[in-house]
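I wanted to practise reading a structure through its packing and its empty spaces. These are my notes, in the order I looked things up.

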Amino acid sequence: MKKNNISTGFVILFCILLFFFPGSTLADKESADLGIVSIDVQPSSAPGSPFYGSITVVNYGGMISMSRSAIFYLSTDSIITPADYEIGSVQFSFLRPDESAHREILTTLPGMIPPGTYYAGAALGRGFSLTPDPEDSNDVMTGRNVTITRSYTRPQEWYNDKIADIIFNLSNEERVLRKLAPLTRNTALDIIALDHSRDMSSRKFFDHTNPDGEDPADRADRHHYNQERRLTDGSLFYGIGENIVKIPVEKNVFGFGEIYSDDPDEIGRVAVESFMDSPPHKEALLLPAHEKIGIGVAYDGEYYYATQNFF
């Protein structure tokens with residue numbers, strides 16, 4: 001793939017209505033039932049500093065849900081209640097039966113939270129509904145421990161891994177949208193991709209070939225990755241594919257606006273949108289022959305570097 005020589009400031013690519021759900025039985029139509037499936041938050045922060053979290057809910061009921069908030073808390077014990085430190089909230093509306101939805105929050109921690117170790121959790125608010133919640137036991141979830149310190153140091157490795165996960169999920173969304181099989185995340189390819197992103201970040205270059213002359217196939221060989229397989233039509237498939245992107249943060253970026261270094265969701269979306277806007281990178285991401293993917297992300301204080309390796 002050819003490198004686009006784009007200056008700083010650009011992403012650089014190289015490569016009161018009642019709704020019923022049709023088909024439900026009368027018994028199923030009695031109510032909606034939102035429940036929390038998962039939550040994830042960054043492992044550390046400080047008072048007055050950035051805090052990122054995400055949450056997924058599903059409608060277990062037989063009626064389309066109305067509007068309910070999901071509130072994030074930090075608690076000194078594992079029982080999440082409204083008496084805990086409220087961090088922020090997101091909104092969920094009009095989920096069909098069995099439909100799930102995901103939301104992210106990027107907020108600032110309240111300044112009165114003292115340093116210490118807390119339980120992160122979330123709880124669904126009462127919201128607006130024409131029917132009672134039939135099962136409130138799934139309205140609250142306790143997640144990971146979070147360390148609050150006096151001064152803020154971004155948990156950079158957690159951010160890098162989170163961005164890689166978001167890139168993976170969004171990449172598969174693009175494939176499934178086009179009726180292509182989703183890619184399987186592969187640990188060996190993750191290592192190869194992360195090696196290249198860290199190399200670009202530390203040696204300040206942006207290319208598929210590193211300053212030592214090593215290209216993607218060379219890196220795969222160095223990591224002892226078998227690059228040969230036979231396709232179903234009998235043809236031989238050899239080599240790994242690669243997409244790379246370099247994303248500036250804390251500045252206005254053409255086509256995207258300002259990108260914040262503490263927002264992994266935005267950085268992941270910019271990466272995949274950039275790939276999809278570039279024909280050769282889009283081709284690599286959507287190639288039907290590709291079955292596996294590895295993703296690695298690194299940050300040098302000014303740019304995020306993301307590498308996708310395909311096989």
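I start with a term: a cavity is a set of grid points where a 1.4 Å probe fits but cannot get out, and its lining residues have an atom within 4 Å of a point. I also note that this is a predicted model.

Entry 1, the largest cavity. I looked up its size and found about 40 Å³ of space. Its lining consists of Ile 163, Ile 167, Val 245, Ile 247, Ile 267, Gly 268, Ala 271, Val 297, Tyr 304, Tyr 305 and Ala 306. I then asked which elements give two or more residues to this lining. They are H1, strand E13 (241-248), H4 and strand E17 (303-310). By type I count 10 nonpolar residues, 1 polar and no charged in the lining.

Entry 2, the two helices. I looked up how helix H1 (residues 156-177) packs against helix H4 (residues 264-276), and the angle is about 40°, with the axes 8 Å apart. That angle makes H1 oblique to H4. I noted the crossing of H1 and H4 as right-handed. On the H1 side, the contact includes Tyr 159, Lys 162, Ile 163 and Ile 166. On the H4 side, Pro 264, Asp 265, Ile 267 and Gly 268 are among the residues met. The contact residues of H1 with H4 divide into 10 nonpolar, 2 polar and 4 charged.

Entry 3, the second largest pocket. I found a volume of about 240 Å³ for it. Its lining is made by Tyr 52, His 102, Glu 104, Lys 162, Asp 165, Ile 166, Asn 169, Leu 170, Glu 173, Asp 265 and Arg 269. Strand E7 (100-108), H1 and H4 each give two or more residues to this lining. Which element gives the most? I found that H1 does, with 6 residues. I sorted the lining of this pocket into 3 nonpolar, 2 polar and 6 charged residues.

Technical notes
Residues numbered from 1 in each chain as written. Predicted model: local features only at pLDDT ≥ 70, side-chain atom pairs only at ≥ 80, totals over all residues. Heavy atoms only, no water. Axes fitted to C-alpha atoms, helices over the stretch in contact; angles between N-to-C directions. Helix = DSSP H or I, 4+ residues; strand = E, 2+ residues; numbered from the N terminus. Parallel < 35°, antiparallel > 145°, perpendicular 65-115°, else oblique. Left-handed = near helix turned anticlockwise from the far one by under 90°. Contact = heavy atoms within 4.5 Å. Nonpolar A, V, L, I, M, F, W, Y, C, P; charged D, E, K, R; others polar. 1 Å grid on protein atoms, 1.4 Å probe; cavity = no way out; pocket = protein on both sides within 12 Å on 5 of 7 lines; lining within 4 Å. Points joined across faces, edges and corners; volume = space filled by probe spheres on them.
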